Amino acid sequence: MAAPDATLKDVPAGGMEGPALGDGSSGVRCKPNEHVLVLGDGDLSFSEACSRTMPCRTLVATSFDTYDELCAKYGGDYSQEIVGLLRARGVEVQHGVDATDLARTLLPPPEGGPRALFDRIVFNFPHPGGKGKINLSRALLKDFFRSALGVLHPDGEVVVTLARGQGGSPFDTVRRATCNHWQVVENAAASGLVLTACLPFVPLEGYKSSGHRSTKRSFVTRDGLTHVFCRDALGRRNLCPLAWSHDLSLWILDEAAFDEATLFALVRDIVGEDACPAHKLIDSSRRVPKHAHIATTPTLTHCYTLTYRSASGRALSKERALALQNKLRDNLGAAFGGVVVVR
């Protein structure tokens, strides 16, 4: 997988409308008529800060902990006070809400009836708990994005803030190896979401980080990044289009009938115009195939590297790129009339 180089300066200024949370650098913007959901707010201090600064229509504040767990972790007096304060401001507060299973754990509104879809879903510094392994962190993001789609307005945004280096996008000031970051853009793409903004996280006045390894301990938020995603169908600029590479090896059985222009026209027909891969010939040689039904004499073989990338900026997940590659392998030989056999 490859992604283009980018920096924070590539984000267009003023790209999102409405008043800002904090000083405007956090990347979370809203309008007075919006419905906002805050997930995984450990001690609810972020939601409290939002309730003072964000002119939204409704604010739903949630914690992963149950109310009893919240009291045990942060103290009964504090928990009772902040929950009471939020509710006095008209904020709906829910406990025991699992961001990866909102359909089951996010309760209907207290007034009854169907819940309005959210214009903005905010998840700050998600963590699988304990000393998590990288695969658990990636699974958390992937499952969260899929879950969020069920309660997100078609035009809504998903806002995820991660600690420095965790996300793995080109905007991170700390660049980790691919095997050591959470692949936030890739996991969002699996749900058809694209990155439309990425800005430094600036904590709101009154916000206190908490929940380090599932405790009330704080953690470092300096150099954290706020990632803003929306559905790719909205056509907004994708700041981090993904690219996936796969090799394609062919036996060329009829050299007189073979030409690359025809080959890659067929590739385009099979995989579609939007994700038609760029190609590079990386090997050409003659050898005897292992399987006699292909040929028994030295036969020309070509190996290409195909790089899949959405031409329109749509989300292209790892799974979709692999599915396109498999579709190509299954159909190319017949489409070319037996001129080639996929190895």
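Reader: In this predicted model, which strands does helix α7 lie across, and at what angle does α7 run to β10?

Author: Helix α7, residues 260–271, lies across β8 (243–252), β9 and β10, and runs at about 45 degrees to β10. A second helix, α8 (residues 318–335), packs on the sheet as well and touches β8, β10 and β11. The direction of α8 makes about 15 degrees with that of β8.

Reader: How many strands does the sheet have, and in what order do they stand?

Author: The sheet is open and has 4 strands, in the order β9-β10-β8-β11, with antiparallel pairing. Because β9 (278–287) and β11 (340–342) stand at the edges with a single partner strand each, one side of each has no neighbour in the sheet. From one strand to the next, the twist averages 30 degrees.

Reader: How many bridges join β9 to β10, and which residue stands opposite alanine 278?

Author: The antiparallel strands β9 and β10 (residues 299–309) are joined by 9 bridges. Within this pairing, threonine 307 of β10 stands opposite alanine 278.

Reader: Turning to a charged residue, where is aspartate 98 found, and is aspartate 98 buried or exposed?

Author: Aspartate 98 is found in the loop between β3 (92–95) and α4 (102–105). The residue is buried, yet has no salt bridge.

Reader: Why does arginine 104 not form a salt bridge with aspartate 98?

Author: A salt bridge requires a distance within 4 Å. Arginine 104, the nearest side chain of opposite charge, is 4.7 Å away from aspartate 98.

Reader: Which side chain makes a polar contact with that of aspartate 98, and which residues does aspartate 98 touch beyond four places away in sequence?

Author: The side chain of threonine 100 is joined to that of aspartate 98 by a polar contact of 2.7 Å. Not counting residues up to four places away in sequence, aspartate 98 touches Phe64 and Thr105.

How values were computed. Residues are numbered from 1 along each chain as its sequence is written. This is a predicted model: local features need pLDDT of at least 70, side-chain atom pairs count only at pLDDT 80 or more; totals for chains, interfaces and linings use all residues. Side-chain values use heavy atoms; hydrogens and water are left out. Helices (H or I, at least four residues) and strands (E, at least two) are DSSP runs, numbered from the N terminus. Buried means under 20% relative accessible area, exposed over 50%, partly exposed in between (1.4 Å probe, protein chains only). Lys and Arg count as positive and Asp and Glu as negative; His and the chain ends are not counted. A polar contact is a pair of N or O atoms within 3.5 Å; within protein, one must be able to donate a hydrogen and the other to accept it, and residues adjacent in sequence count only if both atoms are side-chain atoms. Contact means heavy atoms within 4.5 Å. Two strands pair if DSSP finds at least two bridges between them. Axes are lines fitted to C-alpha atoms, for helices over the stretch in contact, and angles run from 0 to 180 degrees between N-to-C directions.
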